[in-house]
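Me: I have a structure open on my screen and would like a close look at one part of it. Could you walk me through how the pieces pack against each other there?

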Amino acid sequence: MSIDWVNFTPGLSLLGGILLGTASALFILANGRIAGISGILGGLLRPRSGDIFWRVAFLLGLIVAPVVLAPFLPPMIATIDAGTGTLIAAGLLVGVGTRYGAGCTSGHGVCGLSRLSPRSLVATLAFMGAGMATVFVMRHLLA
Amino acid sequence: MKKTFDTASAFIVGLLFGIGLIFGGMTNPAKVIGFLDVAGNWDPSLALVMGGAILVGVVAFRFARQRTQSFLGGAMHLPASTDINQRLIIGSLLFGAGWGLAGFCPGPALTSLGTGNPKAVIFVVAMVAGMAIYELADHFWHQPRRLNAQ
């Protein structure tokens, strides 16, 4: 293992994290809700009346973020090496897995760990471990 | 009126969350994979994203736990489940495998939709399909038991 100092962005990443924490804080305190993206999106697939607008509004905010930033910042960099087949397989796994495991990086990773929940700690270790193992296989065994 | 405030607040929080994901580097799959690649040239940035978020989150949730009502006058929907079961672990393992394959998790994938990136569109469509498959499977899985109970 070596550290990728060239791509390491400590300041920006810490700032991004503080913004994520602030958004999660506002959501639990103002709306009484957990900012868990897979749960917010998945809940729309089993719609219940009175439980739709806040979900749609949150997701819209998430989607328009790059549009709102566009006038002030250089275009967002996104390098996506995965091809169409891999993207589809990955999307299916993320969709099924986050619903079956009841959370993703935001719900278990940020909010759950902030609540000091052992359940979310186990989930976070499981998905981080599986992510690291997958990248290891793809990059170092198959490549 | 409360509904309107709830909806407006959710939009602002979603926007702030998206901006945080962009600043943090989470919307760049190559960077996410650089973090997950602990055996290669490791980019520790995302540990700081998590750390920064949890730093603020710990304080907020400590405060939230003492409240009986949200600022906007609604219920506090704090998760009740503390179960560490097979569902939690298998689901999280599947999610992690998908996360490692493409470098996208749900939030950043949705935020990337806003840039019109066709690869993000493909991923999100597949992800929503995966969530729908889960809903259907869950529905049919529980159907026989419901019938037996009658």
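Reply: Happy to, and here is a walk from one helix pair out to the contact between the chains. Please keep in mind that this is a predicted model.

Let's start with helix 1 (residues 10-31) of chain A and helix 5 (residues 105-114) of chain A, whose axes come within 11 Å and cross at roughly 70 degrees. An angle from 65 to 115 degrees counts as roughly perpendicular, and these two helices are therefore roughly perpendicular to each other. Helix 1 of chain A passes helix 5 of chain A in a right-handed crossing. Where they meet, helix 1 brings Leu20(A), Gly21(A) and Ser24(A), while helix 5 brings Val110(A), Cys111(A) and Ser114(A). Three of these contact residues are nonpolar, three are polar and none is charged.

Now for the nonpolar core. The largest one has 84 residues, and Phe58(A), Ala90(A), Leu93(A) and Phe123(B) have the most contacts inside it. Ala90(A) is a nice one to click on: leaving aside neighbours within four places in sequence, it is in contact with Ala82(A) and, from chain B, with Gly98(B), Leu101(B), Ala102(B), Phe104(B) and Phe123(B).

That leads us to the contact between the chains, where 107 residues of chain B are in contact with 103 residues of chain A. On the chain B side, the elements giving two or more residues include helix 3 (45-65), helix 4 (86-102) and helix 6 (118-149). Helix 1 of chain B gives the most, with 19 residues. By type, this side of chain B divides into 65 nonpolar, 33 polar and nine charged residues.

Note on methods
Residues are numbered from 1 along each chain as its sequence is written. Chains are lettered from A and ligands numbered from 1 in the order in which they are written. This is a predicted model: local features need pLDDT of at least 70, side-chain atom pairs count only at pLDDT 80 or more; totals for chains, interfaces and linings use all residues. Axes are lines fitted to C-alpha atoms, for helices over the stretch in contact, and angles run from 0 to 180 degrees between N-to-C directions. Helices (H or I, at least four residues) and strands (E, at least two) are DSSP runs, numbered from the N terminus. Angles under 35 degrees count as roughly parallel, over 145 as roughly antiparallel, 65 to 115 as roughly perpendicular and the rest as oblique. A crossing is left-handed if the near helix is turned anticlockwise from the far one by less than a right angle, and right-handed if clockwise. Two residues are in contact if their C-beta atoms, placed from the backbone, lie within 7 Å. Ala, Val, Leu, Ile, Met, Phe, Trp, Tyr, Cys and Pro count as nonpolar, Asp, Glu, Lys and Arg as charged, and the others, Gly among them, as polar. A nonpolar core is a set of buried Ala, Val, Leu, Ile, Met, Phe, Trp, Tyr and Cys residues joined through C-beta atoms within 7 Å. A residue is buried if 20 or more other C-beta atoms lie within 10 Å of its own, exposed if 12 or fewer, and partly exposed in between; C-beta atoms are placed from the backbone.
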